[in-house]
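Subject: Structure handover

Hello,

Here is the structure we talked about. Please open it alongside these notes. The findings follow below.

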Amino acid sequence: MGKTSVKNDIVLIRVLSTIMIVLCHIVKYYTFIPGHNILGTVFDVGVYVFLFVSGFLYGDKEVTDYSAFIKRRLLKICIPAMILSITFILVLRFIYSQQMGFGEILIYLFNLQGLSFLGILPDDVKLPCVDGLGHLWFVTVIFICYLLIPLFQKTKRLDFKKQCLLLSALFLISTAIKIFSSLNLIYFVVFYFGYALSACGCFSKRKSFKKHIPIYVIGVSMQLLRIIMMMRFDNTPYYFAFVCISHTALAFMIFAFFADINLFFPRMCERIAQSKILKLMNSCSYYIYLSHGIFSVGYLNVYEKEYAISVKTLLFFLLTVAVSLILFYLDKFISKNKKNSGN
């Protein structure tokens, strides 16, 4: 595949992962769907897909001015999250009279909300979490991934076999750590997985479908093994660790699937990916992720209202879209002014 076709792949995959992340948080309310609770854990793979794609996009780039790179990422990733979270906290504090101190504001201002989720802090240290902003742990994770890119760049000199050995070692170590402690490093390994594949030139050239058959076999097998693990070891550290690995395999399979779809149906993929609605969803994917959680969990959860499920869904959709677009255009305004100022 050339770079143009890769771009169409990425658009489709990113939009799909965004939809899956949103469904992960709301499907539990659709009790009329058989197995709705299980579906939530399946859709959770959207986070892994998002991380994999993010790593893949940086694997063929070279960061030379590290400080400038971090500043750009800080503006792009952290500033919208800070604006949303602090606005949300202030609304709860002064309009809904929720007793929240400035400690919560400082946590989200400095993007520290994900440290407790990752188990990086000692067990006796728990950062305050605002109900409705718990999903913003992802912002901490993705920003740490960007901080690690200079370290990832040093592995580019490794050939494909050595990259595979390094990835295997990282997965084994992170899985063992997940089993025997609360520390969760798998998200960073998933990001590096995508980064390493891109750095090695994987998916950069046209390949036959047969080349990707092992990916599908492993991906499907891991999901079947996960079902077996759930029946035998549900709610144990072994099961939670295996879910991380099986989700990684599924994310990789989804990535390969769209690469193959684009290989066989390039024009169709281009028409879909370049349509106005998907281009907008792709541009707003991060902002959708930021905003949807405050309307599906916590104080402003529309699904706790006494309305029909169709009305709740409409409210959720309208509010999420509205806040996402506000963040999107606000971010464009900030970026434009920064560019005009010459900084």
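K76 and D331 form a salt bridge, with 3.3 Å between the closest N and O atoms. Please keep in mind that this is a predicted model. The pair links distant parts of the chain. K76 sits in helix α4, and D331 sits in helix α16 (residues 309-341). The two residues are 255 apart in sequence. How exposed is each partner? K76 counts as partly exposed, at 36% relative accessibility. D331 is buried, with a relative accessible area of 4%.

How many salt bridges are there in the count? The total comes to two. The other pair to look at is K156 with E62. Their side chains meet at 3.4 Å, N to O. K156 lies in the loop between α8 (149-153) and α9 (160-180). E62 lies in the loop between α3 (45-59) and α4 (66-94). The partners are 94 residues apart in sequence, so the salt bridge ties together separate parts of the chain. On accessibility, K156 is partly exposed at 25%. E62 is exposed, at 53%. As background, side chains of opposite charge can pair when their charged atoms come close.

Next, the cysteines. A search of the whole structure finds zero disulfides. C129 is in none, and the nearest cysteine sulfur, that of C24, is 15 Å away. C129 counts as exposed, with 57% relative accessibility. Why is C145 not bonded to C78? The sulfur of C78 is the closest cysteine sulfur to that of C145, but at 12 Å it is too far for a bond. The cut-off for a disulfide is 2.5 Å between the sulfur atoms. C145 is buried, with a relative accessible area of 0%.

Last, a helix. α12 covers residues 237-264, which is 28 residues. From first C-alpha to last, α12 reaches 41 Å. That is close to the 40 Å expected at 1.5 Å a residue. Where does α12 sit, enclosed or open? Of its 28 residues, 21 are buried, so α12 is largely enclosed by the rest of the structure.

To recap the places to look at on screen:

- K76 in α4 and D331 in α16, a link between distant parts of the chain.
- K156 and E62, a salt bridge at 3.4 Å.
- C129, exposed, and C145, buried.
- Helix α12, largely enclosed.

Best wishes

Methods. Residues are numbered from 1 along each chain as its sequence is written. This is a predicted model: local features need pLDDT of at least 70, side-chain atom pairs count only at pLDDT 80 or more; totals for chains, interfaces and linings use all residues. Side-chain values use heavy atoms; hydrogens and water are left out. Buried means under 20% relative accessible area, exposed over 50%, partly exposed in between (1.4 Å probe, protein chains only). Helices (H or I, at least four residues) and strands (E, at least two) are DSSP runs, numbered from the N terminus. The expected span of a helix is 1.5 Å times one less than its number of residues. A salt bridge is a side-chain nitrogen of Lys or Arg within 4 Å of a carboxyl oxygen of Asp or Glu.
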